[in-house]
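Some questions and answers on a ligand site and a pocket follow. Each answer sets a value against its definition.

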Amino acid sequence: MQINADTTVNFVIGNPVKHSHSPILHQKIYEHVGINAVLLAIDNPDLTALINSIKTLGVQLTAVTLPFKTSILEHIDVCSDAVKALGAANTVILKEGFLHAYNTDVIGIKLALQDVDLDHKNILIIGAGGAARAVAYALKDKQSALFFMNRTQARAKILADHYSGVMVCEDDLNHLDIDIIINTTSVGMFPHTQASPLPYYEFKAHQTVFDLIYTPKETRLLYAAKAAGARCISGETLFIEQALAQVELCYGLAIDRRVCNELLNH
Ligand code: ATR
């Protein structure tokens, strides 16, 4: 869509944010659904200045990335239930002068896993940061056993206690019949693409492995899981779904989910 006098501006804010793929992804979505807007990456360490800009310029949609996902909450007027539970937001929408916060990572995680049977399963969550909390929250109503593994065990224990799960270490994995493995750490992300959070694990064909990383599309973890015949889900699906959910929330749309597949294939 051609930029003109009616074009509105959305932001993705972070520090740093220049690596973000969100401007390109949002552009593709806006073109697909016919929204006359652009999403600009604003790199600024001063969150108060960013909030003032959002309000002054009337920025309808702001995608929020590190390190502001938690600190942004002190500027928010209305939080969704997920944001309240997680203490983190990735989306801010300006409505009639008030800032509303959402966490579409939770929505994206649920959609990325929508074709996976999540009930009565043993699910291993690797990592214990904000992304792990979003995964645990997305799975909290499933009738499944959650196992938490993290480099810093104390953080995994806090999550395990909160979500009635079990903290495990790598040695325990050989004795557990894990059905679904979800990596929420940055291990294996570009440029450290040879690293894996489970370098010695023997994957099984019945397993589903979901890696939240989207650069690269096929991480070392997924490569090894695929070689064993496991079902693999890349972080690209989550990345696209969380952006689609942002656009839906902001513009009150219901976007046909086939768009996700089209965007995945480009
Ligand atoms: P996010 O909010 O994106 O989840 P985070 O809170 O910094 O980010 O959490 C990152 C997760 O990746 C943590 O679980 C971290 O482990 P620690 O709790 O021990 O820090 C994990 N992680 C990051 N780098 C890692 C590495 N090189 N090896 C193992 N785990 C790593």
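**Ligand site and pocket**

Q: What makes the alanine 128 pair with the ligand a polar contact?
A: A backbone N or O atom of alanine 128 lies 2.9 Å from an oxygen atom of the ligand. A polar contact is a pair of N or O atoms within 3.5 Å, so this pair counts. This is a predicted model: local features need pLDDT of at least 70, side-chain atom pairs need 80 or more, and totals for chains, interfaces and linings use all residues. Residues are numbered from 1 along each chain as its sequence is written, and side-chain values use heavy atoms, without hydrogens or water.

Q: Which side-chain atom pairs with an oxygen atom of the ligand at 2.5 Å?
A: An N or O atom of threonine 152 does. Glycine 130 has a backbone N or O atom 3.0 Å from a ligand oxygen.

Q: How much of the ligand does the protein cover?
A: It covers 64% of the 640 Å² of accessible area that the ligand has on its own (Shrake-Rupley method, 1.4 Å probe).

Q: Why do Gly127 and Arg155 count as surrounding the ligand?
A: Both are among the residues around the ligand. A residue is near a molecule if one of its heavy atoms lies within 4 Å of it, so each meets that cut-off.

Q: What is the make-up of the shell around the ligand by class?
A: Three residues are nonpolar, seven polar and two charged. Gly counts as polar.

Definitions and conventions:
Polar contact = N/O pair within 3.5 Å; in protein donor to acceptor, adjacent residues only side chain to side chain.
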